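Student: I should like to learn how to read the features of a structure that is new to me. Could we go through the model together?

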Amino acid sequence: MAGVTKQPNIVFVLCDNVGWGDFGVYGGGTPTPRIDRLANEGIRLNNYCVESQCTPTRSAIMTGRQSVRSGTYRIPFAGEGAAGLAPWEYTIAELLSDAGYATALFGKWHCGDTEGRLPTDQGFDEWWGYRNSVDEAGWTSYATFEAIAEAKGIQAPQLWEGKKGGTQTAVRELNLEVRPLLDELIVEKAIDYITRQASADKPFFTYVGLSHMHPPEAVHPDFDQTDPARLGQYADLLAEMDHRVGQIVDCIDEAGLTDNTVIVFSSDNAAGGVHSFQGGSNGPFRGSFVTPPWEGSMRTAAMVRWPGKVLAGVVTEELLSAHDWYTTFAALAGAADKVPTDRPIDGIDASKFLLGESATSGRESYVFFGPDGSLMSVKWHNIKAVLRYCEGMDQPIVKPSWPMVFDLASDPGELYNIMETKLDMGWMVGVALKFVADFQKSVAQYPNIKTGEEFTGYA
């Protein structure tokens with residue numbers, strides 16, 4: 001297939017805590033016709049992996065680096081102070097901006113909530129959304145909050161907007177009143193931006209961070225039990241998500257941008273574990289969002305559409321991770337030379353795979369770290385070595401006396417530890433641990449940044 005001759009627009013839509021098996025095209029029971037169509041018009045990734053929590057995955061997307069390298073391996077806690085991405089990090093928004101792109105973010109950020117670490121400090125020309133996570137929408141529902149907030153100087157959570165080089169302005173309180181309307185507002189902002197950029201003379205990168213499925217949840221009135229085929233809240237939320245994705249796709253198509261716009265739709269984490277409502281499917285895989293590193297905690301849905309460039313109707317088991325968007329987008333934008341060489345970059349360039357010029361993605365392994373910043377597992381194609389595991393957010397991380405080994409091709413539920421049942425598979429551990437050794441060598445040369453550190457570069 002012919003190479004890229006013009007910088008494509010890039011629209012990245014990221015939902016929150018949605019499982020591998022939630023959408024119809026992945027076997028979900030709730031109809032999602034717009035998302036299914038998007039997948040069928042491009043590549044559907046069946047072996048797409050993310051990191052252990054919201055912030056780590058978003059950090060990986062932004063930097064192409066394992067979150068443990070940048071001190072973003074867990075979500076920052078309220079009152080913690082400086083956290084998130086150090087200003088030194090060179091985000092995909094900065095890279096694309098330097099390559100001539102207009103950049104914007106609408107919705108969830110969660111990669112730093114202090115001055116210097118906000119979206120417009122990290123390469124985005126403009127943004128509208130919330131700094132951390134939507135669970136903050138529930139804070140003001142407690143009678144005690146106002147008294148404690150006044151005594152401790154805590155500001156009620158807000159929705160913000162800002163422009164690069166300017167100040168951040170609070171536009172509305174983030175509370176349970178706005179919660180059911182949030183994705184409608186986020187997508188409205190994104191559509192307005194895309195429409196404006198359609199007549200501009202430069203390509204654009206739009207990052208859309210949807211709020212669903214993150215508690216506390218509330219369904220938009222237009223989807224709240226409006227179809228008898230949908231029994232519960234989760235199904236109603238999926239129906240709204242499908243509609244919102246369709247709105248973005250329609251906007252791109254109606255603006256005449258279809259043939260030169262890459263659309264990526266994926267989730268930051270798997271489903272389950274912390275939800276206050278029933279729903280969420282991680283397909284045939286073991287575990288949930290809060291049980292790393294079982295496959296159900298790290299594997300989720302992802303799809304890519306670019307008509308005429310990315311082949312339609314492709315379903316692949318090739319391994320890809322959240323880190324790979326960074327280097328892949330840089331290549332598609334003709335800006336691979338802007339990928340930093342003064343730090344480890346963990347993402348691989350999968351552009352030739354997406355364009356049908358390579359049969360493989362280029363990724364053969366995936367090293368997975370836990371919310372404590374320590375190694376938990378290694379995947380090598382369909383072989384997975386589990387070195388530590390956790391069975392719930394209120395449970396400890398356990399280190400088995402021997403590494404556990406699973407064949408995901410025949411045992412996606414990770415029920416049969418072949419290290420125990422066969423024992424003649426020990427060589428697989430050796431293959432997997434080689435990737436760990438390579439990572440450790442890079443850390444010795446480039447030590448990991450501490451959480452909140454004002455890091456300014458390697459000597």
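**Reading the sheets, cores and unusual bonds**

Tutor: Let us begin with a helix: in this predicted model, helix α11 (residues 426-445) lies across β11, β12, β13 and β16 and runs at about 115° to β12.

Student: In what order do the strands of that sheet stand, and what is their pairing?

Tutor: Strands of a sheet pair through backbone hydrogen bonds, in a parallel or an antiparallel manner. Here four strands form an open sheet in the order β11-β12-β13-β16, and the pairing is antiparallel. The edges are taken by β11 (365-369) and β16 (404-407); each has a single partner strand, so one side of each is left without a neighbour in the sheet. From one strand to the next, the twist averages 15°.

Student: How many bridges link β12 and β13?

Tutor: Strand β12 (residues 375-380) and strand β13 (residues 383-386) are paired in the antiparallel sense over four bridges. Within this pair, Ser377 stands opposite Val386 in β13. The loop between β12 and β13 holds His381.

Student: What is the sign of phi at His381?

Tutor: Most residues other than glycine have a negative phi, and most peptide bonds are trans. His381 is not a glycine, yet its phi is positive, at about 55°. Glu414 also has a positive phi, near 50°, and is a residue other than glycine. Glu414 belongs to the loop between β16 and α10 (418-421).

Student: Is Glu414 buried or exposed?

Tutor: Glu414 is buried, since its relative accessible area is 0% and the limit for buried is under 20%. His381, with 42%, is partly exposed.

Student: Where are cis peptide bonds found?

Tutor: One cis peptide bond joins His212 and Met213, with omega about 15°. Met213 sits in the loop between β7 (204-209) and α6. The bond from Pro292 to Pro293 is also cis, and its omega is near 0°. Pro293 lies in the loop between β8 (261-267) and α7 (295-298).

Student: What is the strand order of the sheet that contains β8?

Tutor: This open sheet has 10 strands with mixed pairing, in the order β6-β5-β4-β3-β7-β1-β8-β9-β2-β10. Its edges are β6 (169-173) and β10 (314-321), each with a single partner strand, so one side of each lacks a neighbour in the sheet. Strand β5 (residues 158-163) runs antiparallel to β6, and four bridges join them. In this pairing Glu161 stands opposite Thr169 in β6. Helix α2 (residues 54-63) lies across β1 (9-15), β3 (102-108) and β7, at about 170° to β1.

Student: Which residues touch the most other members of the largest nonpolar core?

Tutor: They are Phe23, Met241 and Phe265, in a core of 51 residues. Helix α6 (residues 233-254) contributes the most to this core, with 10 residues. Beyond its neighbours within four places in sequence, Phe265 is in contact with residues including Val13, Ile35, Val245 and Met303. A second, separate core has 46 residues, among them Ile61, Leu85, Trp160 and Ala322.

Student: How many cavities does a search of the whole structure find?

Tutor: Rolling a probe the size of a water molecule over the atoms shows where empty space is left. Here the search finds two cavities of 30 Å³ or more. The largest cavity has a volume of about 50 Å³, and its lining includes Thr55, Arg74, Glu80 and Thr451.

Notes. Residues numbered from 1 in each chain as written. Predicted model: local features only at pLDDT ≥ 70, side-chain atom pairs only at ≥ 80, totals over all residues. Heavy atoms only, no water. Core = buried A, V, L, I, M, F, W, Y, C linked by side-chain atoms within 4.5 Å. Buried < 20%, exposed > 50% of the residue type's maximum accessible area, 1.4 Å probe, protein only. Helix = DSSP H or I, 4+ residues; strand = E, 2+ residues; numbered from the N terminus. Contact = heavy atoms within 4.5 Å. Pairing = 2+ DSSP bridges. Axes fitted to C-alpha atoms, helices over the stretch in contact; angles between N-to-C directions. 1 Å grid on protein atoms, 1.4 Å probe; cavity = no way out; pocket = protein on both sides within 12 Å on 5 of 7 lines; lining within 4 Å. Points joined across faces, edges and corners; volume = space filled by probe spheres on them.
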